[in-house]
Amino acid sequence: MTPGPGSRGPEAEAHLPYRPGELALSPEEMRRAGQRAVDLVVERLRGVADGRPHAVATSAELAALADRPLPEEPGDLTGLLEWAAREVLPTGVRFDHPRCFAFVPTTGNFPAVLADALASAFLSVPGAWLVGAGPTRIELTTLAWLVELLGLPPTHGGLFVSGGSVANLTALTAARDHRLGGDLARARLYCSSQAHPSIARAAHIIGLRRDQVVALTPGPGGGLDPRAVRARATADLAAALRPFAVVATVGTTGTGAVDPLPELAVVCREFRLWLHADGAHGAAAALTARGRSACRGLETADSLTIDPHKWLFQPYEAGCLLVRDPALLKATFRMGRHRLDSGYLSPARATGEQINLDDYGPQQSRGLRAFKLWLSLSTFGAAAFRRAVDHGLDLAEYAGARIEAERDLELVTPPSLGILTFRYRGGRSPADGAHDQERISAAVCRTGRAMVLTTEVNGARVLRLCTINPASTRADIDETLGLVLNAGRGR
Ligand SMILES: Cc1ncc(COP(=O)(O)O)c(C=O)c1O
């Protein structure tokens, strides 16, 4: 269609020269919008507890709100920020709400918000040393702090990634390269049936078929049984297959169960298997003495996933992979191993003490995710983080004891790394059980006071709490269990 008189379509626009400053704002405009943005952040962080833990809208409602024509002309930044903060961004789960006990909640924190903004303003790229020497140093220091916090040997290293899924993928890619010697077709990887689905997805991406991921039924305590792994690896070897890796979960998402790392490490040494520990949720417990005894043996793993955007209170995205021998990551991911044109990268080659972190994982341009953890640890101090993790463990114990004291509630799996499951059993027949738990969860969520979802344990639907938000209190647990009881009793 030909544009009518006076109208300027995108093609006509493309021929106009760029006007200097068209993609910039004046210092006054930036300050005005920036100050409003800070106010909106403070309102969000301080006000979340007053709202619902889950703000629901239909997709039609959201489309009516947010679907706008591509804005060809400039708009008002402050107004747009206001609009997004009021109308669209709050819809969904509010993980930092003190009665949001669903999934694995994070809380975020103010220094982290500023860290993301600054990293963005400075276009910080801890990729090649030449490109981002300062950001790289921040990331390396943060990694060293994390290693220390978890009680790992200082020789551990790694990198920040988007989250647990990519940390698991990065680890399994290295495991494939260093334990399989290219023999992918006969490869076998072992994990518990309770491992996170990102393990299966990572296996798929690195080229394994479904039958090559052997999901073993956990033992009676909920953890992967090392004897079962040994038996299966022995049988697979006898069948000329190639066992190459075990994934142990440190805090399963469903019940917080821990696979026994020290015992699995013995089996892995025996069969030369790579041991990956997925501690996306649970490894942070090692910040505390009691948590450390619950997840013994983190140092025995070849690689360890930990998600600071879970129990280290960071906003998304902040995942991390730590490995015993960082040189193995470099051997897998370094740019130089590939034949395609990397001529433009040779000026950025690392020399001497320099480290190019983009050689250690799948991304070249990478954001400075470590900065938010660095800034919040530096602002609040590690001791506050330790106490906050302990608080989450305490709260789960408190919830467990409250559930055990209630005649109409039954603890299904005890508190483990801040997660517990239970069911309402008030007088109905067991056949109604699954439906009841889902109905109760939906009724609790509908009140707008708390968010409690269900999961499956040994084939049965159960209610689940993850209590790791440091802003949650015993009163929040009491109120939430009260809502569960009311819903169960049909009130
Ligand atoms: C044990 C475990 N591993 C991996 C993941 C995936 O992490 P992310 O969502 O950060 O990719 C999760 C997420 O809940 C998890 O609990």
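This passage describes the contact between the two assigned domains of the chain in a predicted model.

The domain assignment divides the chain into domain 1, which comprises residues 114-336 together with 350-380, and domain 2, which spans residues 384-488. The C-alpha centres of domain 1 and domain 2 are separated by 29 Å, and the contact between them draws 28 residues from domain 1 and 21 residues from domain 2. The size of an interface is often expressed as the accessible area lost when the parts come together. Between domain 1 and domain 2 this buried area amounts to about 1900 Å², with carbon and sulfur atoms contributing 69% of it. On the domain 1 side, Arg 290, Trp 311 and Phe 313 account for 32% of the area buried against domain 2, a share that exceeds that of any other three residues.

Polar and charged interactions are also found across this boundary, where two salt bridges are counted between domain 1 and domain 2. Arg 290, already named among the three residues that supply 32% of the area buried by domain 1, forms a salt bridge with Asp 390, in which the closest N and O atoms lie 2.8 Å apart. In addition, seven residue pairs, with both residues at pLDDT 80 or more, are in polar contact between the two domains.

With respect to secondary structure, the elements giving two or more residues to the side of domain 1 that touches domain 2 are α11 (289-294) and α13 (370-380), and α13 gives the most, with four residues. Classified by residue type, that side of domain 1 consists of 14 nonpolar, twelve polar and two charged residues.

Terms used. Residues are numbered from 1 along each chain as its sequence is written. This is a predicted model: local features need pLDDT of at least 70, side-chain atom pairs count only at pLDDT 80 or more; totals for chains, interfaces and linings use all residues. Side-chain values use heavy atoms; hydrogens and water are left out. Domain bounds come from an automatic or database domain assignment. Contact means heavy atoms within 4.5 Å. Buried area is the accessible area (1.4 Å probe) that two parts lose on being put together, summed over both. A salt bridge is a side-chain nitrogen of Lys or Arg within 4 Å of a carboxyl oxygen of Asp or Glu. A polar contact is a pair of N or O atoms within 3.5 Å; within protein, one must be able to donate a hydrogen and the other to accept it, and residues adjacent in sequence count only if both atoms are side-chain atoms. Ala, Val, Leu, Ile, Met, Phe, Trp, Tyr, Cys and Pro count as nonpolar, Asp, Glu, Lys and Arg as charged, and the others, Gly among them, as polar.
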